[in-house]
Amino acid sequence: MNWQAIKAIYVFEMNRTFRTLAQSVVSPVLSTVLYFVVFGTAIGARIDTVDGISYGAFIVPGLVMLTLLQQSVTNASFGIYFPKFIGTIYELLSAPISFIEIVIGYVGAAATKALMIAVIILTTATFFVDFTITHPLWMVTFLVLTSVSFALMGFVIGIWAQNFEQLQLIPLLVITPLVFLGGAFYSVSMLPPAWQAVSLFNPVVYLISGFRWSFFGLADVPVGLSIFAIMVFLSACLITIWWIFRTGWRIKP
């Protein structure tokens, strides 16, 4: 394993984040604060509790997961798309490093950025609501697995995209709606039975449910099923990336 190459890619990507702090960190944190103001104050004033938990505290896991998914995908997709856009990806592919080392460098940096923002948002949330984390180790596990899985997905999107419009297509039109419909701001048990059944086809439901369980010990679906869903998604992304580098799809002339 060429750790020097991994470090070079990782450090380069992390430095890009620190050069654009306003866009990379401040912007998502301010967006989350607005969610707290709108949902936690305006809607929370009308909804007392959800499953015995104050509404302001109930939406904290959903808000963290919303930002984590968006940031993981966006950072990873842009990270690999930009070298492809300016042509430096060919220098990367001709270097004496394997695709595994390339993926670890880019995905590791994207997941790290997303985790940093998630921690900042959790800290910010303490200024608005009181909440406790019942299973902190499981919370960290869900955070890491989710950030890595969606960073891998973002890596695939970055290779697939042929312009900046396509780069934003899936995060805006697929991931964000799935999060909003996946129980980020409500419990799936609050829906009519028919819609509860439909919600189970939304993969984000399992992520948010498991992550919320690590906070409050409550889940819409079994926790084991949430872990299984994340591992299946992670495996699918890894297989897709392996196929991309094996065939050279969208990365070789």
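Colleague: How much area does the protein expose, and which atoms supply 70% of it?

Modeller: The protein exposes about 12300 Å², and carbon and sulfur atoms supply 70% of that area. The areas come from the Shrake-Rupley method with a 1.4 Å probe, and for residues only the protein chains shown count as cover.

Colleague: What kind of model is this, and what does it take for a local feature to count?

Modeller: This is a predicted model, where local features need pLDDT of at least 70 and side-chain atom pairs count only at pLDDT 80 or more, while totals for chains, interfaces and linings use all residues. Residues are numbered from 1 along each chain as its sequence is written, and side-chain values use heavy atoms, with hydrogens and water left out.

Colleague: Why does the radius of gyration of the protein agree with that of a compact globule?

Modeller: The rule for a globule is 2.2 Å times the number of residues to the power 0.38, with the radius taken over C-alpha atoms. For 253 residues this gives a value near 18 Å, and the protein has 19 Å, so the two agree. Along the principal axes, the C-alpha atoms fill a box of roughly 60 × 35 × 35 Å.

Colleague: How many helices and strands are there?

Modeller: There are 11 helices and 2 strands. Both are DSSP runs, numbered from the N terminus: helices are H or I with at least four residues, strands E with at least two. The order from the N terminus is α-α-β-β-α-α-α-α-α-α-α-α-α.

Colleague: Why is Arg 16 called buried?

Modeller: Buried means under 20% relative accessible area, exposed over 50%, and partly exposed in between, with a 1.4 Å probe and protein chains only. Arg 16 has 19%, so it is buried. Its place is in helix α1, residues 3-19.

Colleague: What makes the pair Arg 16 and Glu 13 a polar contact?

Modeller: A polar contact is a pair of N or O atoms within 3.5 Å; within protein, one must be able to donate a hydrogen and the other to accept it, and residues adjacent in sequence count only if both atoms are side-chain atoms. The side chains of Arg 16 and Glu 13 are joined at 2.5 Å.

Colleague: Why is Leu 143 called buried?

Modeller: Leu 143 has a relative accessible area of 5%, and therefore counts as buried. Leu 143 lies in helix α7, residues 136-160. Leaving aside neighbours within four places in sequence, its contacts (heavy atoms within 4.5 Å) are Val 64, Leu 68, Leu 115, Ala 118 and Phe 211.
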